[in-house]
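Here are some exercises to work through at your own pace. Try each task first, then compare your reasoning with the solution.

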Amino acid sequence: TVYFDHEKLNVYKRSIEFINLVEKYLSSINKNSNIYYQLDRAANSISLNIAEGKENIQQKTNANSLISQGSALECASCLDILYVKKLIDIEKLNKGKIILKEIVSLLIGLIKSHFNRIYEDEEGYNT
């Protein structure tokens, strides 16, 4: 069942899938570690900002999509760190990054589709 517009977006659906994947990865990591908190926060930030940005579509900029993109890249770095620390294997690293790459590509598409909606008010500059 779809209740809100953002739930229709493929990028939102993929972000929820990524959170599900991250939960599985985090289950074997110490909850008191910095990387646990960082990855959990960044993964949640992706979907939270997609939802907020979609519902505030009348804004003149799409800052939430840019924030979501940054959070996705942060997650990719967290996965690299988990891999280097031997907390996940190469298969888990690749699975996470494939989803993140798709999320970033979809976010770029959203930003481009809304780019023509970004404009300045037609007010003169005071000099």
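The exercises below go from the overall fold to the core, the charged pairs and the surface of this predicted model.

**Exercise 1: The overall fold**

Task: Find how many helices and strands the protein chain has, and in which order the elements run.

Solution:
- Step 1. Count the elements: the protein chain has four helices and zero strands.
- Step 2. Read from the N terminus on, and the order is α-α-α-α.
- Step 3. Now look at how the chain is packed. Of its 127 residues, 38% count as buried.
- Step 4. Turn to contacts between residues with a separation of 6 or more: 74% of them join residues 24 or more positions apart.

**Exercise 2: The nonpolar core**

Task: Work out which helices supply residues to the largest nonpolar core, then explore what surrounds L79.

Solution:
- Step 1. Start with a general idea: in soluble globular proteins, nonpolar side chains tend to be buried together.
- Step 2. In this model, the largest nonpolar core holds 32 residues. Those with the most contacts inside it are F18, L39, I46, C75, L79, L100 and I103.
- Step 3. Check where the core residues come from: α1 (10-26), α2 (34-55), α3 and α4 (90-115) each supply at least two of them.
- Step 4. Zoom in on L79, and set aside its neighbours within four places in sequence. L79 is then in contact with F18, Y25, L39, I88, L93, G96, K97 and L100.

**Exercise 3: Three charged pairs**

Task: For the salt bridges E102 with R14, E74 with R41 and K97 with D80, find which helices are linked and whether each partner is buried or partly exposed.

Solution:
- Step 1. Recall that side chains of opposite charge can pair when their charged atoms come close. The count for this model comes to five salt bridges.
- Step 2. Take E102 and R14, whose closest N and O atoms are 2.9 Å apart. This pair links distant parts of the chain, with E102 in helix α4 and R14 in helix α1, 88 residues apart.
- Step 3. Classify the two partners. Buried means under 20% relative accessible area. R14 is buried because its relative accessibility is 17%, whereas E102, at 33%, is partly exposed.
- Step 4. Look for further links: R14, E17 and E102 are joined in a network of salt bridges.
- Step 5. Move to E74 and R41, which meet at 2.3 Å, N to O. E74 lies in helix α3 and R41 in helix α2, so the salt bridge ties together parts that are 33 residues apart in sequence. Both are partly exposed, E74 at 22% and R41 at 31%.
- Step 6. Finish with K97 and D80, whose closest N and O atoms are 2.5 Å apart. K97 is in helix α4 and D80 in helix α3, so this pair ties together parts 17 residues apart in sequence. K97 is partly exposed at 30%, and D80 is partly exposed at 31%.

**Exercise 4: A patch on the surface**

Task: Identify which residues make the nonpolar surface patch, and explain why Y83 counts as partly exposed.

Solution:
- Step 1. Consider the whole surface: the accessible surface of the protein chain comes to about 8,400 Å², and 53% of it belongs to carbon and sulfur atoms.
- Step 2. Find the patch. Y83, V84 and I90 make a nonpolar surface patch of about 290 Å².
- Step 3. Locate Y83: this residue is found in helix α3 (residues 63-84).
- Step 4. Y83 counts as partly exposed because its relative accessibility is 35%.

How values were computed
Residues are numbered from 1 along each chain as its sequence is written. This is a predicted model: local features need pLDDT of at least 70, side-chain atom pairs count only at pLDDT 80 or more; totals for chains, interfaces and linings use all residues. Side-chain values use heavy atoms; hydrogens and water are left out. Patches are made of residues with over 30% relative accessible area and no salt bridge: like charges are joined within 9 Å, nonpolar side chains (Val, Leu, Ile, Met, Phe, Trp, Tyr) within 5 Å. Accessible areas come from the Shrake-Rupley method with a 1.4 Å probe; for residues, only the protein chains shown count as cover. A salt bridge is a side-chain nitrogen of Lys or Arg within 4 Å of a carboxyl oxygen of Asp or Glu. Helices (H or I, at least four residues) and strands (E, at least two) are DSSP runs, numbered from the N terminus. Buried means under 20% relative accessible area, exposed over 50%, partly exposed in between (1.4 Å probe, protein chains only). A nonpolar core is a set of buried Ala, Val, Leu, Ile, Met, Phe, Trp, Tyr and Cys residues joined through side-chain atoms within 4.5 Å. Contact means heavy atoms within 4.5 Å.
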